[in-house]
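Hi everyone, thanks for coming. Have a look at the structure on the screen, and then I'll talk you through it.

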Number of protein chains: 2
Amino acid sequence: MPDLPPSTARDRLVTSAFELFDAQGFDDTTVDDIANHAGVGRTTFFRHFGSKEAVIFPEHEKLLAGIQARLEASDPDTRDLAVVEAARLVLRYYVGEGDQARIRYRLISSVPALRAREIAGIRQYEKTFARALSAWMADSPDGALRAELLAAAVVTAHNHVLRRWLRGETKTPEDDFAHAMTIVLDRDRSPAEQTAVVVLRTDADTEAVSAAVTKALRTL
Amino acid sequence: MPDLPPSTARDRLVTSAFELFDAQGFDDTTVDDIANHAGVGRTTFFRHFGSKEAVIFPEHEKLLAGIQARLEASDPDTRDLAVVEAARLVLRYYVGEGDQARIRYRLISSVPALRAREIAGIRQYEKTFARALSAWMADSPDGALRAELLAAAVVTAHNHVLRRWLRGETKTPEDDFAHAMTIVLDRDRSPAEQTAVVVLRTDADTEAVSAAVTKALRTL
DNA sequence: TCCCTGTTGATACTGAGTACCGTACTAGCA
DNA sequence: TGCTAGTACGGTACTCAGTATCAACAGGGA
């Protein structure tokens, strides 16, 4: 009575869950329904997914591991690039999902239990970022706080862009993401790292100006 | 068999829940246990708290309303002060709680269901901040994103300070909070809003300098 | 053939959360 | 005093998520 089996029991459970949740709602679908529709036992469902909510985020663990791996492959010097690419990993996954991501978004928007589950998952992303950043920024003043702030900003910006795309408010999520990340990284740069150039007119040649600049900076 | 009744059934349920959770753990305490210990029926528990987890955050709704009220009493010009004071409301409440806050922290640290509940609550705070900020910043470029970033930063910094206090790592949470907020607000100021002063020597008097500055700024 | 290991299904149980109903107390009014 | 409405409470019965346990079955060596 279910559809043509897409090979594994786990996959059938996921597609069955999305179908039934979408058709008759989350609360009116029991785990038994999902298991029957997938042609497996109830026990099998709970062996693959710890809870009824978890089946909606079947790749969560893999995404988390992907972020972790990307961050671990980096170091303090390239941390900006690392966090941006790690976050982009997640964005690309969901955008690549297409309709499935939109159905999930609809479900999350209307079912508090699923919203809670999503928030918990997002928080795991954030903690993963914060852990890596904190290790890299531990020695700077207020390093732990600044690491958490940057992690929160990256995750917030990512979600902002993703949700705009899910709502159909943009067709260019990757460009929006890049733009959002420049804002996030700009905010992270302290004023001391920002360079302002004041232009005065002078008759001196370039080398003389350059020498004067070097001397002025050295006296700081 | 319970203790001396602290007046209302709701209060008795809260203190009973904290006592039992602390003594025998969250999972090994049933709602029946709590209700019996408080001397009321199980139905009464669920009438006061929607779930077994919610009893740990009995003032959550009030705090949320407090934040909302503080923000609504403000306007775009005083938004920095408003968000800082709204966040400080929450900090003061938990610090004022004392031991109860520490027990809650221990429970949350060891019980995933409670952690999930806490995160969901924090997210509600964040959304409340973001809504107000977004309304105030709607017209500026990327206003919605910047509002969410500021909201996330305020909440993250608040939690950072609160958790340090809960872990006994600081005795001056209010001072730490003030310091953290200066960092958050600094990050929120765009480079264009930051003013650098370059000092050159000149023989001109103050008024002539002032006039020259004004003229220079106008040509931008 | 025996054994090992991994996947599955069936069964039974606990306990959270909901729905419904009856009851006790209080406030207000005639 | 009696009547009524509103509110807080307790009890019962039910659904269903989640857990624990055991048995069946497959393939794969040795």
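So, which residue of chain B comes closest to the rotation axis? That's Arg187(B), with its C-alpha at 2.6 Å. Before I go on: this is a predicted model, where local features need pLDDT of at least 70, side-chain atom pairs count only at pLDDT 80 or more, and totals for chains, interfaces and linings use all residues. Residues are numbered from 1 along each chain as its sequence is written, chains are lettered from A and ligands numbered from 1 in the order in which they are written, and side-chain values use heavy atoms, leaving out hydrogens and water.

Back to that axis. A turn of 180 degrees plus a shift of 0.1 Å along the axis lays chain B on chain A with an RMSD of 0.4 Å (a least-squares fit on C-alpha atoms of residues with pLDDT of at least 70 in both). The two copies are thus related as by a two-fold rotation axis.

Okay, now cavities, meaning sets of points on a 1 Å grid over the protein atoms alone where a 1.4 Å probe fits but cannot get out; lining residues have an atom within 4 Å of a point. There are three of 30 Å³ or more, volume being the space filled by probe spheres set on the points, which are joined across faces, edges and corners. The largest holds about 70 Å³. Our Arg187(B) is in its lining, and so is Arg187(A), with Leu149, Ala152 and Ala153 from both chains, plus Val184(A).

The second largest has about 50 Å³, and its lining includes Tyr125(A), Phe129(A) and His158(A). Thanks!

Conventions
1 Å grid on protein atoms, 1.4 Å probe; cavity = no way out; pocket = protein on both sides within 12 Å on 5 of 7 lines; lining within 4 Å.
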